[in-house]
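Reader: Hi! Could you walk me through this one while I have it open on my screen?
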Amino acid sequence: MKDISAELIERIKQASSDGSKLQIVGGGSKEFMGRTPEGVPLNIAEHSGIVNYEPIELVLTARAGTPLTEINNALSEHNQRLAFEPPLFDGQATLGGTLACHLSGPGRPWNGSVRDHVLGIRLINGRGEALRFGGQVMKNVAGYDVSRMQAGAMGTLGVISEVSLKVMPKPAATMTLKREMDATQAIKEMNRLAGLPNPLTGACWFENHLYLRLEGARSAVESTVKQWQGKILEESDTLWTQLREQQLDYFSGHAPLWRFSVNSNAEHVFPDKEWLVDWGGSQRWLRGDFDTESLEALANSMGGQVSLYSGGDRLQEVFHTQPEALRGLHQRLKHAFDPLGIFNPGRLYSWM
């Protein structure tokens, strides 16, 4: 069996030597994200497989090119799951790409993001050095938490070769309530319910309906259903799967799709526009042609940021403009891990 890690290191050292740029590619499911990719493809899809899985310890380690479907299948045998609910994107999504793009599903505010579940990584830097950060247990970290810094870095800090993360048991019971109301009412209600000691793990609004997912011990779920108003949604798993996979009708079409990450109780704006509100109000999707500068100003007023998630002009900046101090920090980190700038140049920002 060929040593894929050795091949990756050799390719990286060669690129460092001849000054070429590398575009890191896994399953290719998230090519639409970020700015237009540049460089020669460096495919890590063959760098795949579960390295270690300890169901009793709730810890799994897998190579970065491992499809999430393979991981989910292994976890299901022990009634466990990835609690951050990453999208599978027709089975093409990989573990490394999910971490690099920092993608999490509907339960993110309650169950945590992919970053919150990462325990450690192996990383190949721009010098072709194989590095290891973190481990396989939760502990306090002094200095930079390099493992979690990869979340959302879009591969600009190095090639993730292996990831260790915590996994969780599947909930004993799941039920979803559906209520009819407008977005302003829904945002207020989501925030009110999120402050109660009930097993809420999903709250989204679209097409004038609020959906509330309850997960946990059967007694707690059934008790909450009796307390809260709403119609019990049959086959509710389909709804949350389609939301996670961005397969709802809302996500279809070619118009630009904007993603707001804001304060959960921020005021609802542009009520006549196409919105989908998720994560209890903190993630809001907006579809349509808008001016980036005006949307950034709006996001700032809502206590957050906005990005052009898909569609639109991918040659322009697609992520929220960063303050000068944070921009300088990004650039210093980039230089520390990838001094010649060979990994995914410009994918995150034009200046990286």
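Author: Happy to, and let's begin with the contacts. This is a predicted model, and among contacts in the protein between residues at least 6 apart in sequence, 68% join residues at least 24 apart.

Reader: Nice. How many helices and strands does the protein have?
Author: There are eleven helices and 17 strands.

Reader: And how does the radius of gyration sit against a compact globule?
Author: The two agree: a compact globule of 352 residues would come out near 20 Å, and the protein has 21 Å. Along the principal axes, the C-alpha atoms fill a box of roughly 65 × 50 × 40 Å.

Reader: What share of the residues is buried?
Author: Buried residues account for 51% of the 352. As for the outside, the accessible surface is about 16300 Å², and carbon and sulfur atoms contribute 48% of that.

Reader: Let's zoom in. Which residues of helix 9 are buried?
Author: Helix 9 covers residues 236-244, and its buried residues are Ser236, Leu239, Trp240 and Leu243. They span an arc of only 90° around the axis, so they lie on the same side of helix 9.

Reader: What covers those buried residues of helix 9?
Author: The cover includes strand 10 (173-180), strand 11 (200-206), strand 12 (209-216) and strand 15 (274-278).

Reader: Which residue just after helix 9 has a positive phi?
Author: That is glutamine 246, with a phi of about 55°. Glutamine 246 sits in the loop between helix 9 and strand 14, and it has that positive phi although it is not a glycine.

Reader: Why does that catch your eye?
Author: Because most residues other than glycine have a negative phi. Tryptophan 279 is another case, a residue other than glycine with a positive phi near 55°.

Reader: Where is tryptophan 279 found, and is it buried or exposed?
Author: Tryptophan 279 is in the loop between strand 15 and strand 16 (283-287). With a relative accessibility of 10%, tryptophan 279 is buried, since the cut-off for buried is under 20%.

Reader: Staying with strand 15, what does glutamate 274 touch?
Author: Glutamate 274, which is part of strand 15, touches Tyr250, Trp285, Leu286 and Arg287, leaving aside residues up to four places away in sequence. Glutamate 274 is partly exposed, at 46% relative accessible area.

Reader: How far apart are glutamate 274 and leucine 103 in space?
Author: They are 22 Å apart, C-alpha to C-alpha, with their positions 171 residues apart in sequence.

Reader: Switching to the strands: why is strand 17 largely enclosed by the rest of the structure?
Author: Five of its six residues, in the stretch 305-310, are buried, so strand 17 is largely enclosed.

Reader: How many bridges join strand 14 to strand 17?
Author: Five, and strand 14 (residues 257-261) runs antiparallel to strand 17. If you want a spot to click on, phenylalanine 260 stands opposite valine 306 in strand 17.

Reader: Last topic, cysteines. How many disulfides are found in the whole structure?
Author: Zero, after a search of the whole structure.

Reader: And cysteine 101 and cysteine 204, are they buried or exposed?
Author: Cysteine 101 is buried, with a relative accessible area of 12%. Cysteine 204 is buried too, at 0% relative accessibility.

Reader: Great, thanks for the tour!
Author: Any time!

Notes: Residues are numbered from 1 along each chain as its sequence is written. This is a predicted model: local features need pLDDT of at least 70, side-chain atom pairs count only at pLDDT 80 or more; totals for chains, interfaces and linings use all residues. Side-chain values use heavy atoms; hydrogens and water are left out. Buried means under 20% relative accessible area, exposed over 50%, partly exposed in between (1.4 Å probe, protein chains only). Helices (H or I, at least four residues) and strands (E, at least two) are DSSP runs, numbered from the N terminus. Two strands pair if DSSP finds at least two bridges between them. A disulfide is a pair of cysteine sulfur atoms within 2.5 Å. The arc is that of the directions from the helix axis to the C-beta atoms. Contact means heavy atoms within 4.5 Å. The radius of gyration is taken over C-alpha atoms; the globule rule is 2.2 Å times the number of residues to the power 0.38. Accessible areas come from the Shrake-Rupley method with a 1.4 Å probe; for residues, only the protein chains shown count as cover.
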